[in-house]
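Please take a moment to turn the model around before reading on. The paragraphs below walk through it part by part.

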Amino acid sequence: MGRRKSIAPNKSLESISLNKSTLTLGRDLILGQSVLISAFFAGLVATLVTVAIEKWGGLTGGILGTIPSTIVPAAAGMYLVGGEIALIKSMAIIPLGMLVNGIFLTVWIILPPHLSQRANPLLITTISALIIWTLSAIIMLRVADIALDNDLSPGTLGLIGLLLLLFLSVIVNWRATETPKGKHPVSLIVLICRGLAAAIAIAIAVWLSSQGQPLVAGIAAVFPAIFLTSMVALWMAQGPTVPRGAAGPMMLGGVSVAVYAIVSIWALPQYGVLFGSAIAWIIAVIGWSIPAYVILSKRNTSIGLKA
């Protein structure tokens, strides 16, 4: 009896240690799968947007090519790895992140015409846009931190970001501009690099969420990998006109990502990853992407611009 009593605590400790190891291993496996799946899907979708703009023009490719895509696996990965709290905080910052992306795209509209006589206008525009994006992202993160620390709810923060994004998108797209198709195909190497850039950005976002950095993960999830590689790839293949024409519609189409983020805060915890993601995607596409495309298409057609 005494021997059994002396061994039981050791067995209990071994059992607890084994259970902890099993839980840690299971969590690491879920994290690894979430990161890989999110990164793969992001990279695949990223390569398709450039092709869409090249084939169908800036209006169709810009809006329909920016329907919620990489945000879908990113949100699912954050929810699976970090839980509901991480999902809420990460998705609440997405509309502000898309606002920062809108500012990024605005640089590609405004700056190139002023660089026509300068050497390396593409390089200057790219560096300028990335610097402005970084500064804007830092400011947005600081604002979000202060707002949440002062008891502003994540949902309210997301709605404020959405309204600001809508305001900027409408201003940029108020004047109709030509959105031509590309005349030269984008090279396979550029498409591969573009997919890798988007995949890396989303993988980092999911990983950051698992490390307890949901706000930073939210910004990382909307790092303009797709927008940046789209602008650079299209400029290199078609010249500055095609990416400038696509920037406005891409910004307007990107509003659907913010809509998806806000809806996912409710839908994923309520209906699970699969059905919740489907519900959020359908609401974002039917509620925003398709109406935005129809309105801009009719507007451009009525004044005789190329879509």
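**A guided walk through the helices**

T66 is buried, with a relative accessible area of 6%. This residue lies in the loop that joins helix 1 (2-64) to helix 2 (71-92). If you look for what sits across from T66, try F227: the two C-alpha atoms are 9.2 Å apart in space, although 161 residues separate them in sequence. F227 belongs to helix 8 and is one of its buried residues. Please keep in mind that this is a predicted model.

Now step back to the whole chain. There are ten helices and zero strands, so the pattern along the sequence reads α-α-α-α-α-α-α-α-α-α. Of the 307 residues, 49% count as buried.Helix 3 is a good place to go next. Running over residues 94-110, helix 3 has 17 residues and reaches 24 Å from its first C-alpha to its last, close to the 24 Å expected at 1.5 Å a residue. How many of its residues are buried? The count is 15 of 17, and helix 3 is mostly covered.

Helix 8 (residues 225-238) makes a useful companion. Its 14 residues should span 20 Å at 1.5 Å a residue, and its end C-alpha atoms are 19 Å apart, which agrees. Twelve of the 14 residues are buried, so helix 8 is largely enclosed by the rest of the structure. Among these buried residues are A225, I226, L228, T229 and W235. Just after helix 8 comes G239, which takes a positive phi of about 95°.

Let us turn to the aromatic rings. A pair of aromatic rings is described by the distance of the centres and the angle of the planes. The structure holds three aromatic pairs. One of them joins W108 and W235, whose rings are 6.0 Å apart centre to centre with 70° between the planes, an edge-to-face arrangement. This pair links distant parts of the chain, since W108 is in helix 3 and W235 is in helix 8, 127 residues apart. Are these two residues buried or exposed? Both W108 and W235 are buried. Another pair is formed by W266 and Y271: their ring centres are 5.6 Å apart and their planes stand at 80°, so this pair is edge-to-face as well. W266 counts as partly exposed at 44% relative accessibility, and Y271 is also partly exposed, with a relative accessible area of 41%. Back at helix 3 and helix 8, F104 joins W108 and W235 in one aromatic cluster.

Helix 9 (residues 241-253) deserves a look of its own. At 1.5 Å a residue, its 13 residues should span 18 Å, and the end C-alpha atoms are 19 Å apart, which agrees. Where does helix 9 bend? The bend is at A247, by about 30°, and a proline, P249, follows within four residues. Eleven of the 13 residues are buried, so helix 9 is largely enclosed by the rest of the structure. A247 and P249 are both among the buried residues, as are V242, P243 and G245. Further along helix 9, M250, M251, L252 and G253 are buried too.

For a view of the surface, move to helix 4 (residues 121-149), where I131 has its place. I131 is partly exposed, with a relative accessible area of 45%. Which residues form the nonpolar patch on the surface? They are L123, I127, I131, L135 and I138, with about 480 Å² of accessible area together. A general point about helices is handy when you look at such numbering: an α-helix has 3.6 residues a turn, so residues three or four places apart point the same way.

Two loop residues round off the tour. N120 is found in the loop between helix 3 and helix 4. Its phi is near 55°, a positive value in a residue other than glycine. N120 counts as exposed, at 52% relative accessibility. The cut-off matters here: a residue counts as exposed when its relative accessible area is over 50%. D151 sits in the loop between helix 4 and helix 5 (154-174). Like N120, D151 is not a glycine, and D151 has a positive phi of about 70°. At 73% relative accessibility, D151 counts as exposed.

Key: Residues are numbered from 1 along each chain as its sequence is written. This is a predicted model: local features need pLDDT of at least 70, side-chain atom pairs count only at pLDDT 80 or more; totals for chains, interfaces and linings use all residues. Side-chain values use heavy atoms; hydrogens and water are left out. The expected span of a helix is 1.5 Å times one less than its number of residues. Buried means under 20% relative accessible area, exposed over 50%, partly exposed in between (1.4 Å probe, protein chains only). Rings of Phe, Tyr and Trp (its six-membered ring) pair if their centres lie within 6.5 Å; planes under 30 degrees apart count as stacked, over 60 as edge-to-face and the rest as tilted. Patches are made of residues with over 30% relative accessible area and no salt bridge: like charges are joined within 9 Å, nonpolar side chains (Val, Leu, Ile, Met, Phe, Trp, Tyr) within 5 Å. Accessible areas come from the Shrake-Rupley method with a 1.4 Å probe; for residues, only the protein chains shown count as cover. A salt bridge is a side-chain nitrogen of Lys or Arg within 4 Å of a carboxyl oxygen of Asp or Glu. The bend at a residue is the angle between axes fitted to the seven residues ending there and the seven starting there.
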